[in-house]
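Grab a pencil and work through a few exercises on how the parts of a protein meet. Try each task on your own before you read the solution.

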Amino acid sequence: MSKGTLFDKVWDLHTVKILPSGQTQLFIGLHLIHEVTSPQAFAMLRDRGLKVLHPERTVATVDHIVPTDNQARPFADELAEEMMQALENNAKDCGIRFYNIGSGKQGIVHVIAPEQGLTQPGMTIACGDSHTSTHGAFGAIAFGIGTSQVRDVLASQTLALSKLKVRKIEVNGTLAPGVYAKDVILHVIRQLGVKGGVGYAYEFAGTTFEAMSMEERMTVCNMSIEGGARCGYINPDEVTFAYLKNRDFAPKDADWDKAVAWWQSIRSDADAVYDDVATFDASDIEPTVTWGITPGQGMGVSELIPTLETLPESERAIAQEAYQYMALNPGTPIKGTKIDVCFIGSCTNGRLSDLREAAKYAEGKQVATGVKAFVVPGSERVKQEAEAEGLDRIFQQAGFEWREPGCSMCLAMNPDKLQGRQMSASSSNRNFKGRQGSSTGRTLLMSPAMVVAAAVKGEVADVRELL
Amino acid sequence: MSQIETISGRGIPLVGADIDTDRIIPARFLRSITFEGLGQQVFVDDRTQANGQHSFDLPQYQGAKILVVNGNFGCGSSREHAPQAIIKWGIQAIVGESFAEIFLGNCSANGIPCVTAAPETVKQLQTWLQENPQKAIDLDLAAMEVRWGDSSAAIYMGEGPRQMLLTGTWDTCGQLLQNRDRIESTASQLPYLAWSH
């Protein structure tokens, strides 16, 4: 059993009670809500005559269903408009802070909470969205919950949970040019599998993560859930503190020093005990893309799509399903695979540094004929900052569309969807069958820089050749 | 809220690893402020592609209560719409090789046991169900075994969710609210609450 890790310390501090079932009643420091998984929870509260216990500890925004082209109200999609109004009313009725479209603070929930300094080390954070693991980048224990649990947090600011084990994932060394945080996490998931993390929290440690910016760390923690781990985190350090300093909700003045001292104290101890440790070498990681229908079906861009014989027995059935769905042949290169749609955005890779890096490759280039390419900033603030730097013009001159913030085609609940069998190069997090809005659409996950390379070449390409 | 000890009924096999929540209920059906109507849409894209041959469309499995699946079932999104869709179709319990964690928690919160069994048990059970779609199986959470035909095998689940089902306390909301004083005293020990809003 783990001992002395950040996970143990934060878990213990937030433990309200051990319930008769043996589960822990855990206090939730920050609750984030959005329009898709909250309306039913508010309805359950109303049915039971319950109130929101700590409305000041919940923050709402709208991201999943918002259109990224025309955001004028009412939305063209009546169902989306209804969800939007439900959230507006629920937030207003319950006294919950709501960052609506046009507030300057709206965006993907996992982008806006960090950028405003709401996300801080040592917190427990819950949200009705599996990518809540993102916030672990700050040394918070953050995890996705379902709607009944959203109800529980609204009503009691607590959850009934079983404690997770802790696996340390250590990656050491320097990433080669053209290799990004996205490649690191795709590599880890490829090695440990999509269910390898079930029952675990992942602690990402080692010099590779230490050298990453906060935004890169968020990309890594964001995809913990794709490896089966409900939460992933990185111990807070000077990079974390520098990022937080002067953010809207960051502690100020005398509180700042107190906060930093406390944040230091919750780091995993040097002699912490882990339930498991997995170690990787950064120099083994190359630009990585997925070829199949799970995020664990990844490969280096210069490799060949794995043949059945090279895969463990337990992965062969899903590989066969993937060859067929993707119409890709084992033993052939992924490089050169024709791409129809290129999407840059999402809670994984829709932050300013992602757009800067992508723009670096897009500058002076042209999107290949027949390819639809678009960039969706993760938040209104990201959009504004990107525009102030002229990134929008670089993308548009290269032939990318420049959109309004939202989740967009990552899960295609808004009008941004693949059509038919289209193949997409996507900076998002899931390549599941049908994920991007067409029941036969196909998704290749990769870094934003690799998406630009694919857009420019019209096929899967190695971004290092554009360096 | 009822105590859940044994679930008996016909079973339905659904073969395949890593069946994610986007497949269980595609995102376009999440555009609603209720969980109504999800029962008809469960697995809709898979069913369309299977052209009537998907388990959920086969006449012999209509009315089944116990779903038998393979590994990492329910991976992906946290959407409770996924268990809701399965429940509304008629499922009351799921046996599988393994489950994604958020999905399992969502099922537990709705009084639906997700129990695991050895891969060979799951395979045997799926094969038996293909041959005996009209016969009932028993899922016994007290004895922690699944019984079918002349066979039985051990099943497993976390002790927390198991106790909640056995004692009828799987709807956690009321229970959590009973500890109001402890909630506030825990909060008062958290330094960040003073500076983070």
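The exercises below deal with a predicted model, going from contacts inside one chain to contacts between chains.

**Exercise 1. Work out how chain A is divided up and how domain 1 meets domain 2.**

Start with the bounds. Domain 1 of chain A covers 6-161, domain 2 covers 165-236 + 254-284, and domain 3 covers 288-466. Notice that domain 2 is written as two segments.

Next, take the contact between domain 1 and domain 2 of chain A: 26 residues come from domain 1 and 25 residues from domain 2. As for spacing, the C-alpha centres of these two domains are 23 Å apart.

Now look at the area. Together, domains 1 and 2 of chain A bury about 2,000 Å², with 63% of it on carbon and sulfur atoms. Which three residues should you click on? Leu6(A), Lys9(A) and Ala137(A) supply 27% of the area that domain 1 buries against domain 2, more than any other three residues.

**Exercise 2. Find the salt bridge between domain 1 and domain 2 of chain A, then describe the domain 1 side.**

First, the count: the rule finds one salt bridge across this interface. To check a pair yourself, look for a Lys or Arg side-chain nitrogen within 4 Å of an Asp or Glu carboxyl oxygen. Lys9(A) and Asp269(A) pass, at 2.7 Å from N to O. Polar contacts between the two domains add up to 12 residue pairs.

Then see which elements take part. On the domain 1 side, α1 (6-14), α4 (109-115) and β7 (141-144) of chain A each bring at least two residues. The top contributor is α1(A), with five residues.

Finish with the classes: the side of domain 1 that touches domain 2 has 14 nonpolar, 11 polar and one charged residues.

**Exercise 3. Now do the same for chain A against chain B: contact, area, pairs and residue classes.**

Contact comes first: chain A puts in 76 residues and chain B 56 residues. The two chains bury about 5,500 Å² between them, and carbon and sulfur atoms give 60% of that.

On to the pairs. Five salt bridges link chain A and chain B. One of them joins Asp77(A) to Arg31(B), with the closest N and O atoms 2.7 Å apart. There are also 23 residue pairs in polar contact between the chains.

Which helix gives the most to the chain A side? That's α5 (residues 147-156) of chain A, with seven residues.

Last step, the classes: the side of chain A that touches chain B splits into 33 nonpolar, 25 polar and 18 charged residues.

How values were computed: Residues numbered from 1 in each chain as written. Chains lettered and ligands numbered in written order. Predicted model: local features only at pLDDT ≥ 70, side-chain atom pairs only at ≥ 80, totals over all residues. Heavy atoms only, no water. Domains from an automatic or database assignment. Contact = heavy atoms within 4.5 Å. Buried area = accessible area lost by both parts, 1.4 Å probe. Polar contact = N/O pair within 3.5 Å; in protein donor to acceptor, adjacent residues only side chain to side chain. Helix = DSSP H or I, 4+ residues; strand = E, 2+ residues; numbered from the N terminus. Nonpolar A, V, L, I, M, F, W, Y, C, P; charged D, E, K, R; others polar.
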